[in-house]
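Let's take a walk through this protein together. Keep the structure open beside you and turn it as we go.

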Amino acid sequence: MVLPVGQDTGVAASSPDHATLMTARLVLRPLSRADLPAMHGLLSDPDSMKYWSHPPHTSLDQTEASLDRALVEDGTCRTWAITTDGQHCQGWATIFAVKDRIGWVGYILSPALRGHGHAEEAMRAVLDYGFEVWGLHRLTANIDPRNHASGGLLRRLGFTQEGLQRRDYLYDGDYLDTGVFGLLADEWRVKRNLPGRVPVLHEGPVVLRPLRNSDADALHAAYGDEDSMRYMPHAHYPSIDQTRAKIAGIVAGVTGSRNWAITTDGGECLGWALLHKETTAQIELGYILVPAARGRGLVKAAGAALLRHAFVDLGKHRVEAVLDPRNLASAGVLRALGFTLEGVRRQGFARDDEFVDSAIYGLLAPEWADTQLRGKG
């Protein structure tokens, strides 16, 4: 169940599905027992554990006990493995000890990902899930006050330092202070400023309507198909439950994107189109189509509808699209829409143990307007 925004029951919110969360660079999937080696690598690392709540682990049994606690599905805890490819765990983020719509958050990141904004990106998705999907009222973070990097992260996320508990916990023989940070749901909603409801868009043979949870089963024809996903940021989903969890997170707003179902009549979902990674000046376009709907010009029409919405309704100056350079069919669609190939970012993305190039396409508002005047849009 998703607790409607602003509804206050006065009791604990029902725990929602443990959804996979997608961000611009990360895939946060539910933590699993297969993550034990990666988890132990962090929990046994003295530098990573310098400001943690306990000393570094000296045995795998200690980490296994921690993993057992993180995997408890009793409605009070959700823990995600932080990955760049949906597979390899490079840290984790958690909401835990939830009671009366109040919970705590925690996070840790591998040294390889630190210093590049990945922790903030992951936690934004987790906070969206906590407040908007779970319907929580407040989230608290307790840190070692000497951990200035973590304190800075919490402040950027909108947390307020509410106090300092003096020498209240024992760490390796010493009593240490605790910095207490808190964030309320109302404060997060002001901070996040996510886009509003998406309109229905019409273009040629397509009708783009807002994406719904019920579209997940239809979209699994693409997300569950290895061939359809070979150029996508993550591998295909063997289970339809994975697709349902992904779409549930998207519809709930955890990605901060604008999402439409591609249809021909406003009914049956034939694909997914989105605008995301929005800044004041630009926005990025994306799409996927189920196999049975290909070859009918639907993607081009959907792209044209999104471009009109981006340039006219949203007032963007630039629309960008990023794809695997081997995806020649998608590249052809972008060229037909007026995009220019601006360059190739070399091996900037990891997928299935392979470093993959990204082709960057761009279209500027004056260029798009010119094609409309010349009747080539």
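**A strand covered on both faces**

Start with strand S12, where both faces are covered: Gly 271, Ala 273 and Leu 275 are buried on one side, and Trp 272, Leu 274 and His 276 are buried on the other. That makes six buried residues out of six, so to speak a strand that is mostly covered. Keep in mind that you're looking at a predicted model.

Who are the neighbours of S12? On one hand there's S11, which pairs with S12 in the antiparallel sense over five bridges. Here Ile 262 has Gly 271 of S12 as its bridge partner. On the other hand there's S13, also antiparallel to S12 and joined to it by six bridges. Gly 271 turns up again in this pairing, with Leu 289 in S13 as its bridge partner. If you trace the chain from S12 to S13, you'll find a hairpin with five residues between the two strands. Look for Lys 277 in that turn: its phi is positive, at about 50°.

Now zoom out to the sheet these strands belong to. It's an open sheet of eight strands with mixed pairing, in the order S9-S10-S11-S12-S13-S14-S16-S15. Strand S9 (201-203) and strand S15 (340-351) sit at the edges; each has a single partner strand, so one side of each has no neighbour in the sheet. From one strand to the next, the twist averages 25°. Helix H8 (residues 298-313) packs on this sheet and touches S9, S10, S11, S12, S13, S14 and S16. The direction of H8 makes about 160° with that of S13.

Back towards the S9 edge of the strand order, have a look at S10 (residues 206-210) and S11 (residues 258-263). They pair in the antiparallel sense over four bridges. One to pick out is Pro 210, whose bridge partner in S11 is Trp 260.

Next, hop over to helix H4 (residues 148-156). Ser 150, Gly 151, Gly 152, Leu 153 and Leu 154 are buried there. What covers them? The cover includes strand S5 (102-109), helix H3 (118-133), strand S6 (138-143) and strand S8 (174-184). After H4 comes Gly 158, with a positive phi near 105°.

If you're wondering about cysteines, how many disulfides does a search of the whole structure find? Zero. A disulfide is a covalent bond between the sulfur atoms of two cysteines. Take Cys 77: the closest cysteine sulfur belongs to Cys 89 and lies 14 Å away, which is too far for a bond. Cys 77 is buried, with a relative accessible area of 8%. Cys 269 counts as buried too, at 5% relative accessibility.

Finally, step back and take in the whole protein. Its secondary structure comes to ten helices and 16 strands. The C-alpha trace spans about 75 × 45 × 35 Å along its principal axes. A compact globule of 377 residues would have a radius of gyration near 21 Å, and the 22 Å of this protein agrees with that. Buried residues make up 49% of the 377. Among contacts with a separation of 6 or more, 63% are between residues 24 or more positions apart. As for the outside, the accessible surface comes to about 17,800 Å², and carbon and sulfur atoms account for 52% of it.

Methods. Residues numbered from 1 in each chain as written. Predicted model: local features only at pLDDT ≥ 70, side-chain atom pairs only at ≥ 80, totals over all residues. Heavy atoms only, no water. Pairing = 2+ DSSP bridges. Axes fitted to C-alpha atoms, helices over the stretch in contact; angles between N-to-C directions. Contact = heavy atoms within 4.5 Å. Disulfide = S-S within 2.5 Å. Buried < 20%, exposed > 50% of the residue type's maximum accessible area, 1.4 Å probe, protein only. Rg over C-alpha atoms; globule rule 2.2 N^0.38 Å. Areas by Shrake-Rupley, 256 points an atom, 1.4 Å probe, with all protein chains shown as cover.
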